[in-house]
Structure formats: C-alpha cells, structure tokens
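Please open the model in the viewer and keep the sequence panel visible beside it. The tour proceeds by selection, and each stop states what is to be found there.

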Amino acid sequence: MKPSKKFNTTGVCVPGIHYMVDTSAANRQIIEKYIVPGEYFTINRARQYGKTTTLELLCRQLGEDYLVLDISFEAADEYPSRSDAWTGNGFQKAVRLLRLENNTLF
C-alpha cells in the first residue's frame, strides 16, 4: 500500500511524500532569467512559501550542468570563531580553490 501524502510544515518538501504546488515553470524562469545570464537573484518570501524547497529543487536541477554550492549561514552567529572563515579572505580563498579545480567555473 502506497503511503498517503501529507502536508509538510517544516523543511524541504518531497514531491512523492508531501502535497506541494508544481514549481517547475517558476524554476525554469529563474534559470532562464537569472542563472543562465549569470545574474544574481534572491528569494524573499514569508514563512511557508516554499523558499527552501525551491532552492533544493534548483540545486538538484542545476547540479547536472553547474557546480552548485549549497551553503547555509543560518547558524553562523552561534559559532562566531568559525563564521570568520567566511568573512574577509576566507570566502575568496575558497573561490580561488574552486577556480583551480574547475577552469570552466568562471
């Protein structure tokens, strides 16, 4: 017996397990309008709008053609000494290493 779907109120929604809206058209628009031309974009909505799920689906889809860096800064303020690694030169060093690993990155 196939388990019934349920409403998810925390974290990433999984299409086979949770009820969710089909966002494939919106994701295609994000990719075509922002990612392919190399533009920056933000996802800024209220709670329970699908921000995390949208980003997760984009990461999965883009992983076929792009090197996707899935980085969260949510807990950075809880570890002040470690968060310093991403400020100043820390992030720039990481990008330089990625450029060395993959010349087609930039």
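Begin with the whole protein chain selected. Among its contacts between residues at least 6 apart in sequence, 41% join residues at least 24 apart, where contact means heavy atoms within 4.5 Å. This is a predicted model, in which local features need pLDDT of at least 70 and side-chain atom pairs count only at pLDDT 80 or more, while totals for chains, interfaces and linings use all residues. Residues are numbered from 1 along each chain as its sequence is written, and side-chain values use heavy atoms, with hydrogens and water left out.

Colour the chain by secondary structure. The protein chain has 4 helices and 0 strands, and its pattern along the sequence is α-α-α-α. Helices (H or I, at least four residues) and strands (E, at least two) are DSSP runs, numbered from the N terminus.

Now display the surface. The accessible surface of the protein chain comes to about 9200 Å², of which 54% belongs to carbon and sulfur atoms. Accessible areas come from the Shrake-Rupley method with a 1.4 Å probe; for residues, only the protein chains shown count as cover. Of the 106 residues in the protein chain, 11% are buried. Here buried means under 20% relative accessible area, exposed over 50%, and partly exposed in between (1.4 Å probe, protein chains only).

**Helix α1**

Select residues 24-35, which constitute helix α1. Its buried residues are Asn27, Ile30, Ile31 and Ile35. Viewed down the axis of α1, these buried residues fall within an arc of 95°, so they line one face of the helix. The arc is that of the directions from the helix axis to the C-beta atoms. The cover over the buried residues of α1 includes α2.

Which residues does Asn27 contact, leaving aside its neighbours within four places in sequence? They are Thr54, Leu57, Leu58 and Gln61. Asn27 itself lies in helix α1 and counts as buried, at 3% relative accessibility.

Move next to Ser24, also placed in helix α1. Ser24 is partly exposed, with a relative accessible area of 31%. Draw a C-alpha to C-alpha distance from Ser24 to Leu58: the two are 34 residues apart in sequence and 9.3 Å apart in space.

**Helix α2**

Select residues 51-62, the range of α2. This helix has 12 residues and reaches 16 Å from its first C-alpha to its last, close to the 16 Å expected at 1.5 Å a residue. The expected span is 1.5 Å times one less than the number of residues. Show the side chains of Thr53, Thr54, Leu58 and Leu62, which are buried in α2. Seen down the axis of α2, its buried residues fall within an arc of 155°, so they line one face of the helix. What covers them includes α1.

Remaining on α2, select Glu56 and Arg60, whose side chains meet in a salt bridge (3.3 Å, N to O). A salt bridge is a side-chain nitrogen of Lys or Arg within 4 Å of a carboxyl oxygen of Asp or Glu, and by this rule the count comes to 1 salt bridge. Side chains of opposite charge can pair when their charged atoms come close. Because Glu56 and Arg60 are 4 residues apart in helix α2, they are separated by about one helical turn. Glu56 is partly exposed, at 24% relative accessibility.

**The segment before α1**

Select Gly11, located in the segment before α1. Is Gly11 buried or exposed? Gly11 is exposed, with a relative accessible area of 54%. Leaving aside neighbours within four places in sequence, Gly11 is in contact with Thr52 and Thr53. The C-alpha atoms of Gly11 and Lys51, 40 residues apart along the chain, are separated by 9.4 Å.

**A surface patch**

Finally, select Val36, Tyr66 and Val68, which form a nonpolar patch on the surface with about 250 Å² of accessible area together. Patches are made of residues with over 30% relative accessible area and no salt bridge: like charges are joined within 9 Å, nonpolar side chains (Val, Leu, Ile, Met, Phe, Trp, Tyr) within 5 Å. Within this patch, Val68 is found in the loop between α2 and α3 (80-83).
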